Amino acid sequence: MVNNITCKSGNIVDDCYKSYDAIVLFLCKECTSALDKIKLPKNLAVTLESYLATAGDIFGVGELRSLTAVEQTKLVRVIVAGCGEGKECKPNNFRIAAGEVIRELRKQKAKKIAIAAPILLNEKRAHYLQALMEGLYLGAYTFDKYKSDAKPMDLMELTVYNAITEAEAVIQRAAVIAEAVSYARNLVNEPGNVVYPEIMAEKASEVAAEHGLNIEILDEAGMAEHEMQSLIAVGKGSVRKPRLVTLTYNGAKDEPYVAYVGKGITFDSGGISIKPDDNMGEMKDDMTGAACVLGAIKAIAALKLPVNVMAIMACAENMPGGNAQRPGDIVKAANGKTIEVVSTDAEGRMVLADAVWYACKLGAAKVIDIATLTGGVMVALGTKTSGIITNNEELGKELVETGKRAGESLFVLPSLPELKEAIKSEVADLRNSAGRYGSCITGGLFIGEFIKEGTPWAHIDIGGTSTVTETKGFKTIGGTAFGTMTLIRLAGKF
């Protein structure tokens, strides 16, 4: 059960739609020609056919229409969910429409629901089923833990009618993925006084215990032994001391490991280079990267995927204080490179510098880091697409394609030579900020300086996609945990 939803697969037979509170039909325009194949009750089929003939364009993605038909003296409620037309008929549009549907069903207080879509009668459309199920589960997500008048959500029982052979396995996989994304969203939505580095380590310990993962937690002393002064410097101003957490999942015996490394700044005030007070509270989401890699390895372990993955969470709280790092300071990272601290608000790349180095030290054959690194990525790509900086063209393409299947938009940005030159310092090896121009690229290139030579690496900047301000599709107000589904699918190659 995910977000108070249970789901099972059903086979379409005569009278299969009896005893439901509501029936949901997912339709793209081209699917209407196959409506007879889903065997709707006679009166409902006539009502729907008449409606489609006169309603005009109702296939906009996520647009809902509610109908009522009389069937054997009983009123039957029907929701028609638009999934596009022509080339729009893609899995992610079913995911988006499903998110809208589940919230409408909650409004209607439906508890037992039948779901059908002509496209699911094609046994080769398992990926459509998975996308639809992810949308239903994630569209139902809410975070009302701190509302005194919050009411428990009623249990909803769904039956999805389809002809896909492995449907039950697909539905279960979607549930595991959605549960992991919801878990990561919960962490992101918690305030900074509840979730801080030590708590992130505790949460990781719980996941490790649940799934039999190996875990290592380095405190300041442990990090000092590895000379991780870049990470330590970021957390010096806070009473909440930093942690570097490494979880290891071994599902492929002696195969090489892929490292997922997440930025875990549990609150980012900017430090001495303090941020403006407007909307500073949103900076509780600066640990989204760490939440994503924790959610990803949770799902990877639950699905028992045949891969070796390590998830590394670089956690700190960036606060001003008498012991905080200052602009102008010079620190030495674990790989021996020195860093001029131009701005204490460019802290994410500093914790990731030591973290990606550690991933390489532990033997990772491939490293992917994910971080709410810059506001510049929003200037470049808007708020629906995350940017990628990589040293490996094939890895970049793989992430983009995997993201498409996961419903997460990614775009590879160029590693321009002049921007790599811009992060060089006159007083140290590197400077942690090169200013506004090309900031999402320079931030990524800075992290790349700490990757072992020859190791494929990609940096994902989720600075514009980690949260949303409106509920739409399968994303609800607050943390999105963007990237979690991509990382899971990347590991599973599905």
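User: At roughly what angle do the axes of helix 3 and helix 4 cross?

Analyst: In this predicted model, helix 3 spans residues 126–139 and helix 4 spans residues 167–189. Their axes come within 8 Å. Helix 3 passes helix 4 in a right-handed crossing. The crossing angle is roughly 40°.

User: How many nonpolar residues does the contact of helix 3 with helix 4 have?

Analyst: Helix 3 brings residues including Leu129, Met133 and Leu138. Helix 4 brings Val170, Ile171 and Val181, among others. Two polar and three charged residues also take part. The nonpolar count is 13.

User: Why is strand 14 described as largely enclosed by the rest of the structure?

Analyst: Start with the two faces. In general, side chains in a regular strand alternate between the two faces of the sheet. In strand 14, Thr385, Gly387 and Ile389 are buried on one side, and Ser386, Ile388 and Thr390 are buried on the other. Strand 14 is largely enclosed because the number of its residues that are buried is six of the six.

User: In strand 17, which residue is the bridge partner of Ile388?

Analyst: Strand 14 pairs with strand 17 (residues 457–461) in the antiparallel sense. Four bridges make up this pairing. The bridge partner of Ile388 in strand 17 is Ile460.

User: Which helix belongs to the β-α-β unit with strand 14 and strand 15?

Analyst: Strand 14 and strand 15 (residues 409–412) run parallel, joined by four bridges. Thr385 stands opposite Ser409 there. The β-α-β unit is right-handed, and its helix, residues 393–406, is helix 11.

User: How many bridges join strand 9 to strand 10?

Analyst: Strand 9 covers residues 257–268, and 11 of its 12 residues are buried. It runs parallel to strand 10 (residues 308–318). Ala259 stands opposite Met310 in strand 10. The bridges joining strand 9 to strand 10 number 10.

User: Through which helix does the chain cross from strand 9 to strand 10?

Analyst: This β-α-β crossover is right-handed. The helix on the path covers residues 288–302 and is helix 8.

User: Which residue in strand 13 does Tyr260 stand opposite?

Analyst: Strand 9 also pairs with strand 13 (residues 364–371). That pairing is parallel, over six bridges. Opposite Tyr260 stands Ile368.

User: Which are the edge strands of the open sheet with the order 11-12-16?

Analyst: Three strands form this sheet, and the pairing is mixed. Strand 12 (residues 338–340) runs parallel to strand 16, joined by two bridges. Glu340 has Arg431 as its bridge partner in strand 16. The edge strands each pair on one side only: strand 11 and strand 16.

Terms used: Residues are numbered from 1 along each chain as its sequence is written. This is a predicted model: local features need pLDDT of at least 70, side-chain atom pairs count only at pLDDT 80 or more; totals for chains, interfaces and linings use all residues. Side-chain values use heavy atoms; hydrogens and water are left out. Buried means under 20% relative accessible area, exposed over 50%, partly exposed in between (1.4 Å probe, protein chains only). Two strands pair if DSSP finds at least two bridges between them. A crossover is right-handed if, with the strands pointing away from the viewer, the path from the first strand over the helix to the second runs clockwise. Axes are lines fitted to C-alpha atoms, for helices over the stretch in contact, and angles run from 0 to 180 degrees between N-to-C directions. A crossing is left-handed if the near helix is turned anticlockwise from the far one by less than a right angle, and right-handed if clockwise. Contact means heavy atoms within 4.5 Å. Ala, Val, Leu, Ile, Met, Phe, Trp, Tyr, Cys and Pro count as nonpolar, Asp, Glu, Lys and Arg as charged, and the others, Gly among them, as polar.
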